[in-house]
Amino acid sequence: MPGAIYAEGLVKTFGDVRALDGVDLDVPEGTVLGLLGPNGAGKTTAVRCLTTLLRPDSGSAVVAGIDVLKHPDAVRRSIGLSGQFAAVDEYLTGRENLQMVGRLYQMRAKAAKARAAELLEQFDLADAADRPTKTYSGGMRRRLDLAAALVVSPPVMFMDEPTTGLDPRNRQLLWDVIKRLVSGGTTLLLTTQYLEEADHLAHDIAVVDHGRLIAQGTSDQLKARTGGERVEVVVHERDDIATASEVLRGFGKGETTVEDHTRKLTVPVTGGAKLLAEVIRELDTRGIEIDDIGLRRPTLDDVFLSLTGHVAEEAVTSNEEDVKK
Amino acid sequence: MSTVSDSARIAPAGNPVSQSIRDSMVVAQRNLIRMSRIPEMIIYGLIQPIMFVVLFTYVFGGSMQIGGSTSATDYKNFLMAGIFAQTVTFATASSGAGIADDMHKGLIDRFRSLPMARGAVLTGRTFADLVQTALTLVVLAVVALLVGWRVGSDAPTNAGKVLGAFGLLLLLGYAFTWIGALIGMSVRTPEAATSSGLIWLFPVTFISNAFVDTSHMTPWLRHIADWNPFSATVQACRELFGNPGVSTSEAWPMQHPVWASLIYSILIIAVFRTLSVRKYRSATA
């Protein structure tokens, strides 16, 4: 049985640009898929195709068990979309915005009113509910936008770069909301440029570049593909570097790298936490004082770099605006 | 978050016509709330036509020949139908700018992802613009009366006819907001919508019978002016107001201006509504 979000061979071209070049997706019910990629990779186009905003040139998609191409209206009743911009009317108050969205989801006026009040409370916007949203901060607008996407508690949610441009506090707030949402059983497709965000929120991560999926799996699986763990040690005394290096050589599966100025030594290992404990004991036995030690696993940044040959941030040069036309 | 309250249940799809009307009203309400929070837009929208009334009346009045008369009073009475009609067509620009702004800010994406009637976003906008146009016309009519405009100055008229004239003006204004809707859906920014919404209105409203008697134009220009949909409404209003400016033209719209005005406006709505809604369905921000 296909998942709550299922797509096969999605292709969408804009002129010469193949924004989507045969994308397959399968998101099981109640899970989060993080669609990870640089600007212009095709993330937004994928979301627009799945949310009925854009008709793919070919391929098929099923969302919440409904064929997206055949019954777009039925799909719209079962999804919530929170886009890259906070799509709220700046001259309407927060309450008026939510009531309007509720009415347009075909709720009765009274029900829309009650639901708006409920959401304003949940999203910590009750105090600002009756102020025009142009007086809101960026974070408040994003929260309102997300609340608007949740008016009917849709079973399937799409969030296109929900935290882009937010400060760390607001990002954390939004993350908490998203986690609560998913624990309530919502299926979520989330696009992001932040590797940390995908790592933090998504069960599964799909990496896209130039309209293609170049890798998919859990965060751990992707990291494993990039190569193993390493032990990093920072010694307290510069004089201890040589001894520490000798100790690490005994445990390592490869060459030890030394950064003299930071007194940091790194060595690739296998064996995880157990091995780390042994390293610590051995260093202790030799009387080496350490400032920091840890088992480092590859970050998604490393993953992205090894998969695409370029780091995520560098690819920002390609123009998403052009691709969307 | 996990508790789905009863109020949050998704309603089944209802009757498409009543849904379309209901959705349009929700969007119209939203646009009217917006307008009420930006009163300066309504005020600036009024200043221009009021300036036209005053300037045309006092600057051109007396040097214009209307049906053989150069009386300033005759020109004043001739002029108002033209200014009223021009004013309602200028709603095109604000309608276009509003829709382009919604596109630009991602609101159209939000609306398009909702299970709402497809034409409702644009219909709601045009309804709201119609309300604004009606308000503008009321203020403008008062100003016109203050500078000396009178209905029935040239021929007998009655309240029904005068109201009919305002009805035709509103219909023309409504038709033109659909042209604005298409412009708004087609350009990238609100600024572009405002300027491209206004530029073409000048030839349309000036190559017409709005400000001058077309019988003084060169034949080919007069031909365009006489068949201009805008002229038909102006002519119909003059007739219904009982104001001077009986057309000597043989052109059908000038001979049957009320019918011509109705047909033109309905035709414009039919064509531009279809094109705009089609554009909306495939819109990409």
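This is a guided tour of a predicted model, to be followed selection by selection in a viewer.

**The whole chain**

Begin with chain A in full, whose 325 residues comprise a set of which 47% count as buried, and whose C-alpha atoms fill a box of roughly 75 × 45 × 40 Å along the principal axes. A cartoon view will show 12 helices and 14 strands. Among the contacts in chain A with a separation of 6 or more, 67% join residues 24 or more positions apart.

**Colour by confidence**

With the chain coloured by pLDDT, the average for chain A is 86, and 94% of the residues score at least 70. Select helix α3 of chain A, residues 94–104, where confidence is highest at a mean of 96, and then helix α12 of chain A, residues 320–324, where confidence is lowest at a mean of 40. Extending the second selection to residues 313–325 of chain A takes in a stretch where pLDDT stays under 50, and for which the model has 21 contacts beyond four places in sequence.

**The six-stranded sheet**

Next, select the strands of chain A that form an open sheet in the order β6-β7-β8-β3-β9-β10, with mixed pairing. The edges are β6 (79–82) and β10 (212–217) of chain A, each of which pairs on one side only. From one strand to the next the twist averages 15°.

Within this sheet, restrict the view to β3 (residues 32–36) and β9 (residues 204–209) of chain A, which pair in the parallel sense over four bridges. To follow one of these pairings at the residue level, pick A:G34, whose bridge partner in β9(A) is A:I205.

Now add helix α5 of chain A, residues 138–149, which lies across β6 and β7 (156–160) of chain A and runs at about 165° to β6(A).

**Two positive phi angles**

Most residues other than glycine have a negative phi, and the last two stops depart from that pattern. Select A:A64, in the loop between β4 (58–63) and β5 (66–67) of chain A, where phi is near 55°, a positive value in a residue other than glycine. A:A64 is partly exposed, with 18 other C-beta atoms within 10 Å.

Then move to A:Q106, found in the loop between α3 and α4 (109–122) of chain A, which has a positive phi of about 75° although it is not a glycine. Is A:Q106 buried or exposed? A:Q106 counts as buried, because it has 22 C-beta neighbours inside 10 Å and the cut-off for burial is 20 or more.

Terms used: Residues are numbered from 1 along each chain as its sequence is written. Chains are lettered from A and ligands numbered from 1 in the order in which they are written. This is a predicted model: local features need pLDDT of at least 70, side-chain atom pairs count only at pLDDT 80 or more; totals for chains, interfaces and linings use all residues. Two strands pair if DSSP finds at least two bridges between them. Axes are lines fitted to C-alpha atoms, for helices over the stretch in contact, and angles run from 0 to 180 degrees between N-to-C directions. Two residues are in contact if their C-beta atoms, placed from the backbone, lie within 7 Å. pLDDT is the predictor's confidence in each residue, from 0 to 100. A residue is buried if 20 or more other C-beta atoms lie within 10 Å of its own, exposed if 12 or fewer, and partly exposed in between; C-beta atoms are placed from the backbone.
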